Amino acid sequence: MKDCKIEELYNLEETIAKQIFENLTYPWEVLPKIGEFILELGNTLSKEEYEKVGENIWIAKSAKVAETALIKGPAIIGKDAEVRHCAFIRGNAIVGERAVVGNSTELKNVILFNKVQVPHYNYVGDSILGYKAHMGAGSITSNVKSDKKLVVVKNEEEKIETGLKKFGAMLGDEVEVGCNSVLNPGTVVGRNTNIYPLSCVRGVIPARSIYKKQNDIVIKQ
């Protein structure tokens, strides 16, 4: 399933977590590895640029973190990132450079590439958001199926068994998700794609497309 491969979705030069993707095919393969990777990477970060705060939390000295934000480790907050009022980072989270984690947004087991924006009332769990990806207000990743079965990535007749119970969404570089949309477990959205507001999204959405609703997807001209 070519559309789901790491090189099709992400510019790995736009994340401090580049090494975690090495020798892997699909991005969701990194989800069980994020916590351990942060512990290894955190101890190598420059003490001139990063400060270790609390237990296994590294925050860039240039980042802005609101006093009301709650961050649990392991976590890395990148250079010039902004973590706003009442954000809740539950651990196993890498927030990229100049990324925005907004008011009442919750993160858990995620990698946000550089310049990602999840700025208003978002839940992002067990997911990877590519360079400059943006989630509109109230949009969320649903990371567990209602029947609690393992997540399968589906693309028309093709499917991949992930072996994961918790798997939110893989958003490629510069994906735009409209307000109050739900990305169902196992969703993969290709680069430069737009998701209409109030969408219920599942499966693999092609790169450079516009998702209006299920079975109504057009390729950008």
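A residue counts as buried when its relative accessible area is under 20%. In this predicted model, Phe21 meets that cut-off with a relative accessible area of 2%, so Phe21 is buried. Tyr10 is buried as well, at 3%. Across the chain, 50% of the 221 residues fall in the buried class.

The chain is built from two helices and 25 strands. Its radius of gyration is 16 Å, close to the 17 Å given by the globule rule for 221 residues, so the chain is as compact as a globular protein of that length. The C-alpha trace spans about 50 × 35 × 35 Å along its principal axes. Among the contacts with a separation of 6 or more, 31% come from residues 24 or more positions apart.

The surface can be described by area and by charge. About 10600 Å² is exposed, and carbon and sulfur atoms supply 44% of that area. The chain carries 29 positive and 28 negative side chains, with the centres of the two sets 4 Å apart.

The aromatic side chains bring the account back to Tyr10 and Phe21. Five aromatic pairs are found in a search of the whole structure. In one of them, the ring centres of Tyr10 and Phe21 lie 6.2 Å apart and the ring planes meet at 40 degrees; because this angle is neither under 30 nor over 60 degrees, the pair is classed as tilted. Both residues sit in the loop between helix H1 (6-9) and helix H2 (34-42), and the pair therefore ties together parts that are eleven residues apart in sequence. Ring pairs also bring in Phe113, which forms a cluster with Tyr10 and Phe21.

How values were computed:
Residues numbered from 1 in each chain as written. Predicted model: local features only at pLDDT ≥ 70, side-chain atom pairs only at ≥ 80, totals over all residues. Heavy atoms only, no water. Helix = DSSP H or I, 4+ residues; strand = E, 2+ residues; numbered from the N terminus. Rg over C-alpha atoms; globule rule 2.2 N^0.38 Å. Buried < 20%, exposed > 50% of the residue type's maximum accessible area, 1.4 Å probe, protein only. Contact = heavy atoms within 4.5 Å. Areas by Shrake-Rupley, 256 points an atom, 1.4 Å probe, with all protein chains shown as cover. Lys, Arg positive; Asp, Glu negative; His and termini not counted. Charge placed at Lys NZ, Arg CZ, Asp CG, Glu CD. Phe/Tyr/Trp six-rings, centres within 6.5 Å; stacked < 30°, edge-to-face > 60°.
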